[in-house]
Amino acid sequence: MTSSLADHLRALPDDGLMGLIRLRPDLVIPPPSDFSALAHRAQSRVAVARALDGLDTFTLEILDALRYTRVGHTSSVEAVLALTAPAGVEAARVRAAVDLLRAYAVAFGPDQAVRIVGAVDEVCSPYPLGLGRPAEQLDPVAGALVGDAAGLRRTLLAAPPAARAVLDRLAAGPPVGTVTPASLEPGSDSPVRWLVDRHLLVAVGRDAVELPVEISLVLRRDAGPLGQLHPDPPPMEAPQRDPARVDHAGAGQVLELVRNAEALVETIGAEPPAVLRSGGLGIRELRRYAKTVGVDEQSAALLVEIVTAAGLLGEEIVDTKRVESVFLPTVAYDAWRAMGIAARWHRLAVTWLTMTRAPSLVGQRDDRDRPINALAPELSRPGAPAQRRAALQVLADLPPGATAAPAAVVDVLAWRAPRRITRGVSAGVEASLAEAAFVGLTGFDGLTSYARLVLEELASDTVDADDPLGLNSPDGMALIGSAALLDTLLPAPVDHVLLQADLSVIVPGPPEPGLAAELELLGTQESASVYRITPDTVRRSLDAGYSAGDLHALLARRSRTPVPQTLTYLIDDMARKHGGMRVGSANSYVRSDDESLIAEVLADRRLQPLNLRRLAPTVLTSRHTPQRLLEALREAGYPPIQEDATGAAVLARPKVRRGPPRPTWAYRGVEDPAAGVRLSTPRLAGVIEQIRRGDAAARVARRAPVTVRANGAATASHTEALEVLQQALRDKTRVWVGYIDAHGATASRLVRPVSMGSGYLRAEDERTEMLHTFALHRITAAAPEEG
């Protein structure tokens with residue numbers, strides 16, 4: 001069977017092989033050496049199971065029909081059409097399903113002799129179409145019963161309702177049922193015992209019965225031999241909404257996502273939490289961040305996972321001896337904040353679609369009954385990206401503006417991939433749809449227009465000629481595709497604010513990066529669009545280098561409303577006090593031109609732990625560091641600033657710590673290299689060329705003379721082999737060379753010698769156009785090319 005499939009794959013054109021590899025990328029990870037290796041891998045149990053997982057219900061039913069109609073090792077499309085005709089299924093759809101099986105290399109061969117790879121029987125049900133074994137194989141008496149059509153009909157009509165219900169259930173498949181041993185004991189009044197006594201069922205064990213195939217076919221006479229077929233997915237209720245409303249609902253959530261992500265990372269940066277020994281984030285910290293950001297714990301866990309997978313949050317070791325780490329924002333976070341809202345969202349959305357994490361499991365219990373924390377290794381799920389995209393693809397197949405309930409999406413996915421969507425997986429699909437709404441990909445249970453473009457971008461394998469490595473897309477600064485469309489739906493960034501008499505600052509829209517940086521320094525954020533100016537924030541601005549005139553000019557330039565007089569007085573009053581007191585190192589000192597102020601500080605009981613000493617009417621010293629002295633004076637209500645050795649004021653912008661991001665392989669499916677793999681057309685062409693070259697080399701090696709392929713048992717001596725090589729070098733002819741490679745294995749190659757000396761033979765392989773070097777002591781035999 002391996003050689004037959006290998007011959008089939010070898011005969012496929014490059015387009016056919018590309019189609020197979022796109023459907024089953026696991027076959028070329030790593031690239032096989034030749035077509036025999038490719039065929040062997042394609043027929044392995046794991047590879048076949050993965051291929052069948054991607055097939056829909058109808059295609060699997062046609063595969064069962066091929067297995068059922070198989071005679072020897074082959075089946076035919078005509079035999080399958082004869083079975084599907086009573087069900088009213090169009091012949092074209094049946095042929096399309098067979099062609100899909102061929103495209104997956106699950107079946108191959110012409111219509112009149114279709115072969116199925118052997119591992120299909122291992123991973124599928126042993127009862128194709130839900131039909132059991134012939135009655136003659138199960139019980140001779142049952143075989144005699146099914147041979148009498150009239151008697152079988154009378155027995156079936158005499159079956160009580162409970163017994164008939166059992167028959168109908170087994171006739172629908174599978175044909176084997178499990179019962180209690182007591183129900184099979186003689187004299188039992190169970191419906192199963194009634195059926196066994198009349199040989200309609202055959203006991204195949206102490207607690208199992210089987211329905212013969214002949215009786216199943218009689219019970220299926222209305223639906224046909226194949227039973228109920230499902231050529232179409234279940235109908236969906238898809239209420240129609242205005243596509244613009246769906247887009248605007250999603251765009252509103254986009255603003256919330258970006259704001260919440262930024263607030264979360266800033267909160268973590270202000271008080272970096274410790275990394276648990278198990279590798280995750282503590283539940284207590286997660287609850288605190290959820291309260292600070294203003295979301296529930298599940299949404300906070302999702303945010304933490306997304307920003308970490310996007311490289312905005314990383315870890316830094318703070319104690320090498322005890323191997324303790326903390327979570328910190330990364331340098332990439334600063335670059336991300338400099339982007340526009342659409343570009344920032346695009347990075348978060350693509351990260352969510354491609355990360356191999358399952359945030360919905362946070363808070364649940366693991367196998368040891370321990371709670372699963374955010375960022376814990378237990379959240380890794382290689383199939384998560386494919387599951388998310390499959391769920392969103394169901395919505396993408398609907399018209400724009402159409403909406404669907406999560407349960408309806410699960411039903412359609414259960415038809416598209418019945419082997420994947422189980423009872424446990426359906427909960428994951430519903431969780432993925434809820435996360436998609438939180439990310440802003442959907443609105444009112446409908447897919448947004450820009451989300452459709454995101455899915456197309458991820459599915460596309462086109463390569464930009466100006467950017468073949470994809471360095472500038474999709475996370476680059478320029479807005480392209482989905483990000484550009486989203487940018488048209490978002491409110492334009494504003495460069496102004498509205499100052500209120502209570503010192504609050506209203507931002508009537510998303511602030512541009514420059515305004516956002518100024519607001520972060522000048523005010524304290526209270527909500528998405530409200531900041532508040534306080535004495536502490538004014539002092540913070542003065543510490544950063546702003547003067548009173550700078551702040552007045554800034555507010556006059558940015559505010560569309562008059563600057564409140566109270567704010568003007570506050571700035572002038574803080575500026576007047578600011579810098580009147582200076583801190584240096586003596587170990588540290590305090591100096592001021594105001595002698596009464598120095599006397600007040602010296603007499604302040606709150607500052608007694610500083611051990612201040614008066615060196616001069618305007619100078620105090622302390623044994624503490626300048627930073628400690630500065631903090632103590634500010635806590636006591638004084639407005640000092642720090643100065644350097646020259647007496648110049650030290651500008652103090654808030655310092656932020658940054659840590660390295662977590663490795664991207666932790667979120668990109670390293671556990672399963674075939675999960676979510678995208679192979680571009682040039683890469684596919686290279687893989688196919690490599691396989692064809694390897695296959696040609698393997699066939700050439702099989703044609704090598706026996707004296708060359710023998711493992712150290714060549715009839716010619718080493719000296720004779722060298723003479724053959726010298727003669728081929730003189731005549732410039734090709735020669736077969738047998739040698740021991742670096743791994744100790746025997747190999748052979750047809751080459752044309754170029755030179756020989758210093759213990760090495762240099763020869764050219766004209767097939768691969770490569771120059772090879774052979775150590776002479778490793779050459780076991782040599783023979784001229786025949787013919």
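Okay, let's start at Ala105, which sits in the loop between α7 (91-103) and β2 (107-108). Keep in mind that what we're looking at is a predicted model. The thing to notice about Ala105 is its phi, near 60°, so to speak a positive value in a residue other than glycine. Is Ala105 buried or exposed? It counts as buried, because its relative accessibility is 2%, and the cut-off for buried is under 20%.

Now hop over to Lys732, in the loop between α33 (718-731) and β20 (735-740). Here again phi is positive in a residue other than glycine, near 55°. Lys732 is exposed, though, because its relative accessible area is 63%, and exposed means over 50%. For background, most residues other than glycine have a negative phi, and most peptide bonds are trans.

That brings me to the peptide bonds. Going from Ile29 to Pro30, the bond is cis, with omega near -5°. You'll find Pro30 in the loop between α2 (14-23) and α3 (35-42). Then there's Gly173 to Pro174, a cis bond as well, omega near -5°. Pro174 belongs to the loop between α12 (161-171) and β4 (176-178).

Okay, charges. Asp56 is in the loop between α4 (45-53) and α5 (57-68). Which side chain of opposite charge is nearest to Asp56? That's Arg93, 7.8 Å away; Asp56 is buried and yet has no salt bridge. If you skip the neighbours within four places in sequence, Asp56 is in contact with Trp415, Arg416 and Pro418.

For charges on the surface, go to Asp593, Asp594, Glu595 and Glu600, which form a negative patch there. Asp594, one of that group, is in the loop between β16 (588-591) and α29 (595-603). Asp594 counts as partly exposed because its relative accessibility is 38%, and that label covers the range between the 20% and 50% cut-offs.

Last stop, Ile283, in helix α16, residues 283-293. With a relative accessible area of 31%, Ile283 is partly exposed too. What does Ile283 touch, not counting residues up to four places away in sequence? Pro371 and Asn373. And if you want a distance to check in your viewer, take Ile283 and Val48: they are 235 residues apart along the chain, and their C-alpha atoms are separated by 41 Å.

Notes:
Residues numbered from 1 in each chain as written. Predicted model: local features only at pLDDT ≥ 70, side-chain atom pairs only at ≥ 80, totals over all residues. Heavy atoms only, no water. Patch = residues over 30% accessible without salt bridge, like charges linked within 9 Å, V, L, I, M, F, W, Y side chains within 5 Å. Areas by Shrake-Rupley, 256 points an atom, 1.4 Å probe, with all protein chains shown as cover. Salt bridge = Lys/Arg side-chain N within 4 Å of Asp/Glu carboxyl O. Lys, Arg positive; Asp, Glu negative; His and termini not counted. Charge placed at Lys NZ, Arg CZ, Asp CG, Glu CD. Helix = DSSP H or I, 4+ residues; strand = E, 2+ residues; numbered from the N terminus. Buried < 20%, exposed > 50% of the residue type's maximum accessible area, 1.4 Å probe, protein only. Contact = heavy atoms within 4.5 Å.
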